Amino acid sequence: MSESDRIFAQPQTQVPDFTFNEDVVRVFPDMIKRSVPGYPTIVENIGVLGARFATPNSVLYDLGCSLGAVTQALRRHVKSDGCRVIGVDNSAPMIERCGEYLRAQDAMHQELLPVELIEADILKLDLKPCSLIALNFTLQFIAPEQRLELLTRLHSALLPGGALILSEKLRFADEQEHDLLTDLHIDFKRANGYSELEIAQKRTAIENVMRPDTLDTHRERLLAAGFSKVVPWFQCLNFASLIALP
Ligand SMILES: C[S@@+](CC[C@H](N)C(=O)[O-])C[C@H]1O[C@@H](n2cnc3c(N)ncnc32)[C@H](O)[C@@H]1O
Ligand SMILES: O=C(O)C(=O)C[C@]1(C(=O)O)C=C[C@@H](O)C=C1
């Protein structure tokens with residue numbers, strides 16, 4: 001169903017800001033797998049983490065669900081009675097294609113959790129009490145000045161015993177560490193077949209719309225939002241995932 005990512009393969013006179021439009025949707029599974037080291041491991045294990053934190057009869061949120069990779073993992077792994085997954089994204093083409101992928105999943109598996117998709121801005125979403133919230137590479141696209149307020153609202157919606165899973169590209173305060181991990185990430189992209197031009201144009205496209213924070217900034221902001229504990233559970237190069245407990 002998905003094509004290979006050639007979006008930045010041709011030279012562009014002016015590289016526009018990156019958006020999750022139809023062109024990106026068509027190649028997204030290939031793009032994210034070749035761009036984010038550890039992505040398949042993170043997605044599969046969010047399903048495993050979900051199974052631990054989900055409480056019976058609760059909602060599990062996948063915020064910025066894109067094509068529903070995390071939603072699918074949660075539907076397969078979580079066995080608690082009465083749970084359902086709500087996937088939310090503000091890109092209409094993402095939500096439309098996500099629905100097609102989920103119907104294909106329904107046709108292949110039995111006993112999956114029920115799922116609902118909502119096309120909405122997560123900053124304006126009316127949140128139900130929930131036992132799991134996944135923000136898998138979504139917070140980095142939210143304006144930095146809106147991140148604390150969003151996380152504070154997410155914390156308020158979480159039920160006791162639940163968790164927020166936050167995956168992000170990281171920046172590093174130490175310049176040498178930052179440069180080494182950035183270079184290794186570029187090596188990862190080269191090893192996955194991206195050309196120097198593709199890598200450079202993608203960097204230009206995302207630099208104004210995707211703003212990574214340091215691990216310390218994430219930790220401090222999560223604690224300021226009300227979370228009691230922040231546990232990093234995965235890092236590959238400059239990409240990491242954290243468990244935040246309410
Ligand atoms: C890198 S993708 C997330 C990948 C996805 N979670 C996965 O695991 O495959 C970021 C997604 O967040 C969505 N997004 C960005 N800002 C948003 C907002 N304010 N409200 C809802 N969705 C948003 C984008 O449309 C995009 O689909
Ligand atoms: O940092 C980069 O160079 C990326 O390509 C990362 C990233 C992400 O982390 O979401 C950016 C946009 C696409 O959604 C896929 C990957």
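A residue is counted as near a molecule when one of its heavy atoms lies within 4 Å of it, and this cut-off decides which residues appear in the first views of this predicted model.

**View 1. The shell of residues around ligand 2.** There are 14 residues around ligand 2, and those that come nearest are F28, Q140, K169, K189 and K202. When the residues of this shell are sorted by character, 8 are nonpolar, 3 are polar and 3 are charged. Three helices, α1 (22-35), α6 (175-191) and α7 (196-206), each contribute at least two residues to the shell, and the largest share, 3 residues, is the one supplied by α1.

**View 2. Polar side chains beside the oxygen atoms of ligand 2.** In the side chain of K169, a polar atom lies 2.6 Å from an oxygen atom of ligand 2, and in the side chain of K202, a polar atom is found 2.8 Å from an oxygen atom of ligand 2. The side chain of Q140 also takes part, with an N or O atom 3.1 Å from an oxygen atom of ligand 2. Considered alone, ligand 2 exposes 360 Å², of which the protein buries 97%.

**View 3. Q140 and its surroundings.** Q140 sits in the loop that runs between β4 (130-136) and α5 (144-157). Is Q140 buried or exposed? Its relative accessibility is 3%, and because buried means under 20%, Q140 counts as buried. Besides the contact of Q140 with ligand 2, a polar atom of the Q140 side chain lies 2.9 Å from the backbone nitrogen of K169. If neighbours within four places in sequence are left aside, the residues in contact with Q140 are R147, E168, K169, V209, M210 and R211.

**View 4. The annotated methyltransferase domain.** An unreviewed UniProt entry carries the annotation "domain: Methyltransferase" for residues 62-162. Over residues 62-162, the chain is 40% helix and 25% strand, while the C-alpha atoms at the two ends are 14 Å apart.

**View 5. Residues annotated as a binding site, with N90 and D121 in close-up.** The unreviewed UniProt entry gives the annotation "binding site" to Y39, G64, C65, S66, D89, N90, D121, I122, N136 and R203. These residues are spread over 165 residues of sequence, and they are spread in space too, with up to 25.0 Å between C-alpha atoms. One of them, N90, is found in the loop between β2 (84-89) and α4 (92-108), whereas D121 belongs to the loop between β3 (115-119) and β4. With neighbours within four places in sequence left aside, N90 is in contact with A120 and D121. How does the accessibility of the two residues compare with the cut-offs? N90 has a relative accessibility of 54% and therefore counts as exposed, since exposed means over 50%, while D121, with a relative accessible area of 26%, is partly exposed.

**View 6. N238 in the loop between two strands.** N238 has its place in the loop between β6 (229-236) and β7 (239-245). With a relative accessibility of 2%, N238 counts as buried. When residues up to four places away in sequence are not counted, N238 touches E168, K169, L170, F172, L181, T182 and H185. Among these, K169 also appeared in View 2, where a polar atom of its side chain lies 2.6 Å from an oxygen atom of ligand 2.

Notes: Residues numbered from 1 in each chain as written. Chains lettered and ligands numbered in written order. Predicted model: local features only at pLDDT ≥ 70, side-chain atom pairs only at ≥ 80, totals over all residues. Heavy atoms only, no water. Polar contact = N/O pair within 3.5 Å; in protein donor to acceptor, adjacent residues only side chain to side chain. Areas by Shrake-Rupley, 256 points an atom, 1.4 Å probe, with all protein chains shown as cover. Helix = DSSP H or I, 4+ residues; strand = E, 2+ residues; numbered from the N terminus. Nonpolar A, V, L, I, M, F, W, Y, C, P; charged D, E, K, R; others polar. Buried < 20%, exposed > 50% of the residue type's maximum accessible area, 1.4 Å probe, protein only. Contact = heavy atoms within 4.5 Å. UniProt positions renumbered as here; feature names shortened; annotations may be inferred.
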